[in-house]
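Reader: I'm new to this one, so please slow down and take me through a single part of it.

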Amino acid sequence: MIKNKLLTKIIILISFLSTLTYLTWRIFFTIPFHDSPFAWIFGIILWISEVGSSFTAFVLIFNKNKEFHLKKPNPSELQYPDIDIFIATHNEDENIVYKTVNACVNLIYPDPSKIHIFICDDTNRANMKKLAHDFKIGYMGMDNNKQAKSGNLNNALSKTSSPYIATFDADMIPFKNFLMETVPYFLKDGVSKDGRKIGLIQTPQSFYNADIFQFHLFSEENLPNEQDFFSKSVNVLNNIRGAAVYTGSNTLLSRQAIEDAGRFPTETITEDFELGVRMNIAGYSNYSTEEPMASGLTPTSLRSVIKQRIRWGRGVIRSSYNTNIFF
């Protein structure tokens, strides 16, 4: 055991020194300062991106080498509280929303009457209202919503009262034991090891269709989904600091934590990421489980993937500014 730890430290040290040597060589010997401003400006931008990637890698290595295991409490059935489930929809096809609603009404829970499901529709569609009526669940429609998903969820927040809220995107189908795997963490006082209250429990994203890499490489059975690295590795490692990223769906949140964080942020297009950061700032710890508890659709075209990533990038930059995250 001691030898393994020593070997690990040696490998990390060698990696750090070799990375530092590489980045130094890159900035002094490969940037085309003698060329046009266009060439050396973009050369520096590329070097900065490598620095950022290297920094991220060593943060992950640091987290990986700290021991932390998220342990689920085992509360009695009488302790399970009321839960509000928000299914946020904008313009998704009815068949997609149907699958999510159907899964939600069949969730396992000690007292099913404590589960309150709502379709949160920010386009006020008649077919969504009828779908809610057919399933005997709640419906909240909106006209002229100018605050996108945040406005939709804040509207639902203002009309409900359960102490915990589960959020699902319209295309994310929860597994039947989603609540049984997430609710217990909030019980038994809902306090983390560092003494802070738990703000949210995020479960990893998973998808039932092949992503563009798996599909075009004919490797659905051999390659993991390209988002798995973040959901099942990076975000789980964030547990060490109680700073798991809220990804907007497949999540159980404390209503009090949402209120203390100022509700769902409206000055960004990545309201999920920013809300999680604001929860940390408000003194809450956020955690991610290791096992997926829902499955949905991932983009299948290059155009849609690029559009999605640009949106994430713009949103995170804006949220980082809103929360003064670097300072």
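To get my bearings, which helix does Thr8 lie in? After that, I'd like a close look at helix H5 and what surrounds it, please.

Author: Thr8 lies in helix H1, residues 2–29. A quick word on the ground rules: this is a predicted model, with residues numbered from 1 along each chain as its sequence is written, local features needing pLDDT of at least 70, side-chain atom pairs counting only at pLDDT 80 or more, and totals for chains, interfaces and linings using all residues. Side-chain values use heavy atoms, with hydrogens and water left out.

Helices (H or I, at least four residues) and strands (E, at least two) are DSSP runs, numbered from the N terminus. Thr8 has a relative accessible area of 31%, so it's partly exposed; that label sits between buried (under 20% relative accessible area) and exposed (over 50%), using a 1.4 Å probe and protein chains only. Thr8 is also 57 residues from Asn65 in sequence, with 9.1 Å between their C-alphas.

Now for H5, which covers residues 148–158. Eight of its eleven residues are buried, so the rest of the structure largely encloses this helix. The buried ones are Ser150, Gly151, Asn152, Leu153, Asn154, Asn155, Ala156 and Leu157. What's covering them? The cover includes strands S1 (83–89), S2, S3 and S4 (164–169), plus helices H9 (255–260) and H10. Contact here means heavy atoms within 4.5 Å.

H5 lies across S1, S2, S3 and S4, and runs at about 150° to S1. For angles like that, axes are lines fitted to C-alpha atoms (for helices, over the stretch in contact), and values run from 0 to 180 degrees between N-to-C directions.

Those four strands belong to an open sheet of seven, in the order S3-S2-S1-S4-S7-S6-S8, with mixed pairing. Its edge strands are S3 and S8 (285–288), each pairing on one side only; two strands pair if DSSP finds at least two bridges between them. On average, neighbouring strands are turned by 20° against each other, ignoring direction.

Let's walk along the strands under H5. S1 and S2 run parallel and are joined by seven bridges, with Phe86 partnered by Phe118 of S2. S2 (residues 115–121) then pairs with S3 over four bridges, again in the parallel sense. There, Cys120 has Met140 of S3 as its bridge partner.

Met140 fits into a neat pattern too. In a regular strand, side chains alternate between the two faces of the sheet. Along S3 (residues 138–141), Gly138 and Met140 point to one face and are buried, while Tyr139 and Gly141 point to the other and aren't.

Beyond S2 comes the loop to helix H4 (126–135), and Asn124 lies in it. Most residues other than glycine have a negative phi. Asn124 isn't a glycine, yet its phi is positive, at about 55°. Its relative accessible area is 36%, so Asn124 is partly exposed.

Remember H9 and H10 from the cover of H5? Arg263 lies in the loop between H9 and H10, with another positive phi, near 65°. At 28% relative accessibility, Arg263 counts as partly exposed.

Finally, H10 (residues 271–281) packs against H11 (residues 302–323) at an angle of about 25°, with the axes 9 Å apart. The two helices are therefore roughly parallel to each other, a label for angles under 35 degrees (over 145 is roughly antiparallel, 65 to 115 roughly perpendicular, the rest oblique).
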